[in-house]
Amino acid sequence: MKSWRALILLDSSNPVLSMKPTILVTGANGQLGTVLIPALRIRYGTDNVIASDLRPAAAYTGRFEVIDATNEDRLAEVVRDNGVTQIYHLAAILSASGEQDPLRTWRINMTALLNVLEVARKANVEKVFYPSTIAVFGESAQLTNTPNDSFLDPLTAYGISKAAGENWAQYYFVKYGLDVRSVRYPGVIGYQSDPGGGTTDYAVDIFHKAVLGKPYTCFLQEDEMLPMIFMDDAIRATIELMEAPSEGIKIRTSYNLSGLSFCPADLVAAIKVVYPDFQVDFAPDFRQEIASKWPDSIDDTPAREDWGWEPGFDLQQLVTAMIENLQKKYNNPNPRIGKNQAAA
Ligand SMILES: NC(=O)c1ccc[n+]([C@@H]2O[C@H](COP(=O)([O-])OP(=O)(O)OC[C@H]3O[C@@H](n4cnc5c(N)ncnc54)[C@H](O)[C@@H]3O)[C@@H](O)[C@H]2O)c1
């Protein structure tokens, strides 16, 4: 099983590490940033990674700047004053939250991205990471093994903003030579942090309920198949893409990224191996409508060919890692895993 910890341990002779970038992460307090910040700090040094968000973070210590990414002057000031050489631009309003106020979602997501690109261009920042999403696909895309170059006609404000953002990323690369790199994350599943208002959040929430011995009501249909990725794989993919030689990065909009695919029924069955009494019912809400237009699975051949992407976690490994780590977090309130694992 490959994880970002293995990447860090195995790869410490990488010449990239001797260059020590100075990294700014926007939206650092979110589900991904909470895990990416420590990973970047282990890899590049604590003082070389500046976390930033709308408010100070409780999740980690170290360098932190309050930055509203829609404020270009503030962003420029922090980049200039700290000699930032790389920006990981995570700040965004996600799919489910975004549908509550579509125009605000568009304004925030686009203003923040264009500020990051402009500031990076003017300050000669070396690399920018821009996360896109499977939400860029809409009704025109083939739902199974969705190709990287599918036509993008997203049906959420979030997806529209990310599809536009991919094109802006490519524009800054082509017009200004700004080295912007991007992946389309599937639903990210991790035990370290809470999800921030996405359509795949059920696949994190469900584990917390199972470990706490509580019932769960799922907001998607039981057969709604979606592409997902374990957090360790998502973090490793991000760092691997950012460290790949520039000439290997042939797609400057965004790379499809695949981990695994499952539906709620598959996940419930895997969790019930550990917690046979786990109670789940289904009450699909507006997020089911969003999910029904998204791919079932993703073809990530270009990422594999161009920068060597390979996912490390299958469903069983993901379920085991989630339950073991949440048991530790909650001090083992519902400790069946030991019994069932021993029996297996
Ligand atoms: N989590 C997933 O499953 C997933 C899937 C696909 C893509 N992504 C993308 O990855 C990135 C990170 O996702 P996440 O799950 O960590 O999101 P999240 O919602 O958990 O966190 C987003 C963070 O951005 C911050 N933020 C919002 N507006 C801001 C602003 N104007 N200025 C500065 N900070 C602001 C929020 O305070 C929050 O801490 C996003 O761009 C998202 O679109 C995530």
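Q: When are two residues in contact here?
A: Two residues are in contact if their C-beta atoms, placed from the backbone, lie within 7 Å. The model is a predicted one, in which local features need pLDDT of at least 70 and side-chain atom pairs count only at pLDDT 80 or more, while totals for chains, interfaces and linings use all residues. Residues are numbered from 1 along each chain as its sequence is written.

Q: OK, so what does Val-116 touch?
A: Setting aside neighbours within four places in sequence, Val-116 is in contact with Thr-26, Ala-69, Leu-75, Ile-87, His-89 and Val-128. Val-116 is also listed among the residues with the most contacts inside the largest nonpolar core, which has 102 residues (buried Ala, Val, Leu, Ile, Met, Phe, Trp, Tyr and Cys joined through C-beta atoms within 7 Å).

Q: And Val-125, where is that?
A: Val-125 lies in the loop between helix H6 (102-122) and strand E5 (127-129), where helices (H or I, at least four residues) and strands (E, at least two) are DSSP runs numbered from the N terminus.

Q: Why does Val-125 count as buried?
A: Val-125 counts as buried because it has 23 C-beta neighbours inside 10 Å, and the cut-off for buried is 20 or more other C-beta atoms within 10 Å, with 12 or fewer for exposed and partly exposed in between.

Q: Which residues does Val-125 touch?
A: Not counting residues up to four places away in sequence, Val-125 touches Val-79, Val-84, Thr-85, Gln-86, Ile-87 and Ala-120. Gly-83 is 42 residues away from Val-125 in sequence, yet the two C-alpha atoms are 8.6 Å apart in space.

Q: Switching topic: what order do the three strands of the open sheet take?
A: The order is E6-E8-E12, with parallel pairing, where two strands pair if DSSP finds at least two bridges between them. The edges are strand E6 (132-133) and strand E12 (255-256), each of which pairs on one side only.

Q: How many bridges join E6 to E8?
A: Two bridges join E6 to strand E8 (residues 183-185), and Ser-132 stands opposite Arg-184 in E8.

Q: What about H8, which residues are buried there?
A: In helix H8 (residues 202-212), the buried residues are Tyr-202, Ala-203, Val-204, Ile-206, Phe-207, Ala-210 and Val-211.

Q: What do those buried residues of H8 pack against?
A: The buried residues of H8 pack against E9, strand E10 (216-218), strand E11 (226-230), helix H10 (264-274) and helix H13 (315-329). Just after H8 comes Gly-213, which takes a positive phi of about 75°.
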